[in-house]
Amino acid sequence: MAASTTSYPILNPASPLAARAGLFALAVMAKAPRSGNVKTRLSPPLTLDQAAALNICFLRDTTENLAAVAASGNAASIISYTPIGDEALFDTLLPADFALIPQRGEGFGERLLATAEDLLACGYGSVCLIDSDSPTVPAAAFEQAVAELAKPGDRIILGPAHDGGYYLIGLKRPHPELFVNITWSTSTVLVETIAAANTAGLEAVILPLWYDVDDASTLNILTAELLQRTPPPFTTMPGYPAPHTRDFLDKLNQQGSDGR
């Protein structure tokens, strides 16, 4: 399928740029925000259209957070997207300095590895792959990931999620062993990834614990964090304020209070 028209540049791994060698690629793994294709586990309690609208808010907040981090350091902000052909659905959602790169591969591990390979082939010095389901990750966590990758020597960076996965993996080389034989979408993803890093002789740097918003239970945690200012009990620092997500949840809450 041919790529559709988009206002953002689409990166080509076959055309590396030497100027990118000193840059950290902060790449959000994202599906194009089409109703019925994103955040479907949030329906119920949300409708599919509401879940897609919330996904757009997640994208806006995450990318604005990353754009600020990138502006303060040697980093570039990117969306690794699927499916090819839906690029235009990201228009107006992202800060102006973002670029796109298409995902390839079948399973989730394959797509993560392929994105890391493709961004490194584009010329970037290191890569952080970031989920699109954690809109309140503190900017300090992303800044720490960049700082750790800037140090000499090979290592991986992991942002642990409360469900046993991770919201970020950072690396300087592709390291396929980190993405094979992992039981994806389970509570053992982080532990298995750390074990794979240990087997490969890689230092694993662990970022602050945070959480993904995937279902009604984690949506309640997010609502409490943003609307009641009640931080999750497992976190140790203030989260990103996520204004787009907060406003959307506030409107939903008001509609519920009005009986609509």
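Helix 2 of this predicted model covers residues 108-121, 14 in number. From its first C-alpha to its last it reaches 20 Å, close to the 20 Å expected at 1.5 Å a residue. A good part of helix 2 is tucked away: Gly109, Leu112, Leu113, Ala114, Thr115, Ala116, Asp118, Leu119 and Leu120 are buried. Their cover includes a set of strands, namely strand 1 (24-31), strand 2 (75-82), strand 3 (99-102), strand 4 (126-131) and strand 6 (166-171). After helix 2 comes Gly123, with a positive phi near 115°.

Some of these elements turn up again around the largest pocket. Strand 1, helix 2, strand 4 and strand 6 each supply at least two residues of its lining, and helix 5 does so too. Strand 6 gives the largest share, at four residues. The volume of the largest pocket comes to about 1100 Å³, and 37 residues line it. Nearest its centre lie Phe108, Asp133, Ser185, Asp212 and Asp214. Phe108 ties this pocket back to helix 2, since residue 108 is where that helix starts. Sorted by class, the lining of the largest pocket is a mixed bag of 15 nonpolar, twelve polar and ten charged residues.

The second largest pocket holds about 200 Å³ of space. Its lining is made up of 13 residues, and those nearest its centre are Glu225, Leu226, Arg229, Gly239 and Pro241. Broken down by class, that lining has seven nonpolar residues, three polar ones and three charged ones.

Thr235 deserves a paragraph to itself. This residue sits in the loop that runs between helix 5 (216-227) and helix 6 (243-257). Is Thr235 buried or exposed? Its relative accessibility is 13%, and because the cut-off for buried is under 20%, Thr235 counts as buried. As for its surroundings, a polar atom of the Thr235 side chain lies 2.8 Å from the backbone oxygen of Pro232. Setting aside neighbours within four places in sequence, Thr235 is also in contact with Leu209 and Trp210. Taken together, this loop residue is buried, with Pro232 at its side chain and Leu209 and Trp210 among its contacts.

Definitions and conventions. Residues are numbered from 1 along each chain as its sequence is written. This is a predicted model: local features need pLDDT of at least 70, side-chain atom pairs count only at pLDDT 80 or more; totals for chains, interfaces and linings use all residues. Side-chain values use heavy atoms; hydrogens and water are left out. The expected span of a helix is 1.5 Å times one less than its number of residues. Buried means under 20% relative accessible area, exposed over 50%, partly exposed in between (1.4 Å probe, protein chains only). Contact means heavy atoms within 4.5 Å. A polar contact is a pair of N or O atoms within 3.5 Å; within protein, one must be able to donate a hydrogen and the other to accept it, and residues adjacent in sequence count only if both atoms are side-chain atoms. On a 1 Å grid over the protein atoms alone, a cavity is a set of points where a 1.4 Å probe fits but cannot get out, and a pocket is an open set with protein on both sides within 12 Å along at least five of seven lines; lining residues have an atom within 4 Å of a point. Grid points are joined across faces, edges and corners, and a volume is the space filled by probe spheres set on the points. Ala, Val, Leu, Ile, Met, Phe, Trp, Tyr, Cys and Pro count as nonpolar, Asp, Glu, Lys and Arg as charged, and the others, Gly among them, as polar.
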